[in-house]
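Got your viewer open? Here is a short tour, one selection at a time.

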Amino acid sequence: MTIRDGEVIVLLGPSGSGKSTLLNILGGLDTPTDGHVFYHGRDLTTMTDRDLTSYRRDNVGFVFQNYNLMPGLTAEENVELVTEIASNPLKAADALHLVGLGERLRHFPSELSGGEQQRVAIARAIAKRPGVLFCDEPTGALDSTTSLKVLNALNRVVDELGTTMLMVTHHQGIAPLAHRVLHFKDGSIDREVINEVQARPEDIHL
Amino acid sequence: MIRSRLIRLFQPLNRKLLRDINLMWGQVLAVSLVLGCGVAIYVMMNGTLTSLKDTLAAYYSRYDMADVWAPARRAPQQELEHLKNIPGVRLAEGRISVGGILDMPLEAEPVRAKIVSLPDGRMPRINALYLKDGTLPERGSEQVVIADDFAEAHKLQVGDEVKATLYGVRRTLKISGIALAPEFIYSIAPGEMIPNARRYAIMWMGYEALGHAYNMDGAFNEAVFLLDRSASVPEVLSRIDVVLDPYGGVGAYHRDDQLSDEFLQSEFTQLDTLGGLLPPIFLGVAAFLLNMVVTRIVEQEREQIGLMKAFGYRPSSIVWHYLRFAGIIVLIGVLGGWLAGYRMGGGMANIYKDFYKFPILIFDPGMGIYLRAAVFAVAAGVLGVLLAVRKTISLRPAVAMAPPAPTDYSRLGQFASKARWMDQGLRMIVRHIARWPGRSALTCLGVAMGMAIMIGAQSGQDAVNLMIATQFELVSRQDLTVAFTEKQDPVIVHELMALNGVIAAEPFLAAPATIRFGHRSRHQGVTGVVQNANLNVLINQHDQAINPAPQGVTLSESLATALEAKPGDLVTVEFKDGLRKTERLPVMKVVPTYLGTPAYMDINDMSTLLREGGRVTGAYLMVDTKEVDRIYGLLKDMPTVAAVSTNQSSRKAMTDTMDETMGTMTFFNSLFASLIAIGVVFSGARISFYERQREIASLRVLGFTVAEVNAVLLGELAVLTFLALPLGAFLGYQLALFIHANMSSELFRVPTTVSNWSFAYATTVIILAAVVSAAVIARQVAKLNLVMALKTRE
């Protein structure tokens, strides 16, 4: 399986079908028992822990279902956590503007709603201008209105920065946003659907 | 029955309990260890104290230890009848108690002896001996019973002979027996500070023989008494004094003022102080650790607690579950502590048995002490758990089951936001500490307490070292102290100076006395010393040499405190020697001293006052070190010399004794204190790791290296440890102050001092503990399963 730069892929399937495992392996969080993963010609499966760390540091952004923000840092500082160690980052404030949180820079996670926290997580993930953005159930903990806001934010950053994105979800309704949809079943890709035309978040119903 | 118990054992909550313990055995062990240390030290110290007190009481009662001693110059035997008739006196005996000099082959220096008479042919009814070997002396023979420690120090056996100078006459004494005696448990030569069996002997001789030797036939110079229980001690003492006054009585004294007993009581007070102080600190730290561990578990299991409540478990059964978890920790701690306390207590008892020469000392703390230790430990455990569980247990099930909201940092405002020089890692450290000020402060305090008890434990040794250094380097600078048999013409000092190898000599005039102020009094001799002394020097609180003030007395601080007298007050000094004058003298100065309760006067003033015409009772000598042995030999053969003591051997004896008793105690205390400090630091670091696994994993996912994550996680440990160091030093000094104040007695004033070495040792242990904990945690950070950590809910 090959993923092209700038492609948006949605991974669909029931719990335990292997979506997150694939995402974790591609993101350098986990190692496969078999097979190889190449990122721009470099084999992830033979990398040391140190190499995997710098792979994540330089090339990869993550967004998780439960945000995983640092409670002790404000929205802006959470993003700066990444911009401080990246080589060519966006400004933290710009990244937060991009996800519609320009007014909430100085707020701590405890002062933000779930959707807002998730958008901070997205800003944090894309502030380093990653090659790939991995999203594991980014709307899993949110209601439909908030989910749409989050999807909008994701769509916007992918558009503006040209980032490749892989999103795990069990929400069929999100599938039209992707270039390609991978359906998982019992630990493998059951089928692959290519969307000729991509939908906009405002066009879908959750 | 067994089957149903087995089933109950595997009920879900019980299985969870076993798994929790299996999972966290490291922490369980760390907390058990600290708790065990508290229990062990409690059992050891209080058990040793109880055993010592019981043994002493039994020893005193079995060998009829006297209640009162009344020394005199020479009283006829008939006077005993008068003494026996004093109301309150149950039994009275007269005896001869004198000093002699022994010539021992193993010792270059002359050895002093105290020789006490025994009634011919029988054991005394008061102050009986525990005859370890041999028999009592035969009537009229020059046989002696010698004290066991002296026999041991000089490898003497029954049948051996000892060369002695008694009242200026050389004699050969044959050893008929070896004994222990309750009145000489702690036997110190006059003018010495510490028992030294090589240099000081206690021996007993038949009355007839000793009376001949000292020209005391038909007389006694010391009466000993057993009193009725109802007797009024002050009244009996003053009546005895009236009877013995014409015979040179120097004042009867009660057992409380008897040197051996007084030393024992002051030692007991020290044990009591440490035994009352250290275990509560250790147990308090243990309760704190237990609270940290249980808090973490409860926070992590908040969801499960909600679930159990939703299923209908009562809050009490949930609390009970965590109490049982703590119960296992307490159980391990208590059992281990009992065992260790018993073993160490046995060891301490053996040391004390040898040191005090008890015939027997069995470490038997009694059930009460074990139970009390366990009760304290259980209380510490229960307190730790209740504090931890309180908040979570009150949550409604639905709230408990939902993941907790992110920790609210907003109330800190924009704390640390303005400091742009901070990176996000440092900001996280600072805010995390500020967000949990109570917990951070407690961690800091826990580490500081660990450090403080190390310093407190070490400072005992520091105090002794300072005491010894001050005494032998600033105060007693002489090499030899010579005491004469009778008062001598001052010309003797010039004769001593003329001896080849003697560099300097200073005379002194010592007189036994009772000093009174208001209704307080002390039997305390006065020493007349020269102005501008170079050998035996009075020092002020700045360690500078000062002179005895003319026209009055200079009191040691401890004596002034005991009499509640201050400079300017008039004290009454009743001299018990020569013309037996009673004088009212002003207190001119109060000088600090660490040992005893001395009182000083200018030697010329004192001589004039007592009409001694310049006569002296002894001299301090400074000698050429190469000539020391030859000068000893010369002095030993001088009939006018009653005793010679050397500073070098006094210092060595004092250092050895202190090493033996204090050294062991200091070692145990330091060991436990170090274990506690390590336990606190390590637990703090591990808990921090467990609590923040998710944050750590998030940082790792964001591309932070292991080292960068460690900097954030361990930075907090470093900051708190760093803050704890000055706090620990401060608390340690306060603890030393407290311990020393409580350990001081009239016999020893323990100076408060903490050496740089003690501070350095405590600091090093804390830093090492932090570094090792950090290394362990760093390994766990490197091995952390990121995916698993991110899946777990906070």
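**First stop: chain A**

Select chain A and look at its inside: buried residues make up 45% of its 206 residues. Keep in mind as you go that this is a predicted model.

Now colour chain A by secondary structure. You should find 6 helices and 8 strands. Trace the chain along its sequence and you'll meet them in the pattern β-α-β-β-α-β-α-α-α-β-α-β-β-β.

Zoom out a little. The C-alpha atoms of chain A fill a box of roughly 45 × 40 × 30 Å along the principal axes. Is that what you'd expect of a ball-like fold? A compact globule with 206 residues would have a radius of gyration near 17 Å, and chain A has 16 Å, so the two agree.

Next, think about who touches whom within chain A. Take the contacts between residues at least 6 apart in sequence: 70% of them join residues at least 24 apart.

**Second stop: where A meets B**

Show chain B as well. How many residues does each chain bring to the contact? Chain A gives 26 residues and chain B gives 26 residues.

On the chain A side, select α2 (49-59), β4 (60-64) and α3 (75-83), the elements that give two or more residues to the side touching chain B. The largest share, 4 residues, comes from α3(A). Colour this side of chain A by residue type and you'll get 12 nonpolar, 6 polar and 8 charged residues.

**Third stop: the sheet in chain B**

Hide chain A and look for an open sheet of 11 strands in chain B. Going across, the order is β15-β14-β20-β21-β19-β22-β16-β13-β23-β12-β24, and the pairing is mixed. The edges are β15 (520-523) and β24 (641-646) of chain B, each of which pairs on one side only. From one strand to the next, the twist averages 30°.

Pick out one pair: β19 (residues 553-556) and β22 (residues 599-602) of chain B run antiparallel, joined over 2 bridges. Click on B:L555, and opposite you'll find B:A599 in β22(B).

**Last stop: helices on the sheet**

Select α15 (residues 491-498) of chain B. This helix packs on the sheet, touching β12 (480-488), β13 (502-511) and β23 (616-623) of chain B, and its direction makes about 155° with that of β13(B).

Then select α18 (residues 628-637) of chain B, which also packs on the sheet. Helix α18 touches β12, β13, β23 and β24 of chain B, and its direction makes about 160° with that of β24(B).

Technical notes. Residues numbered from 1 in each chain as written. Chains lettered and ligands numbered in written order. Predicted model: local features only at pLDDT ≥ 70, side-chain atom pairs only at ≥ 80, totals over all residues. Rg over C-alpha atoms; globule rule 2.2 N^0.38 Å. Buried ≥ 20, exposed ≤ 12 C-beta atoms within 10 Å, placed from the backbone. Contact = placed C-beta atoms within 7 Å. Nonpolar A, V, L, I, M, F, W, Y, C, P; charged D, E, K, R; others polar. Pairing = 2+ DSSP bridges. Axes fitted to C-alpha atoms, helices over the stretch in contact; angles between N-to-C directions.
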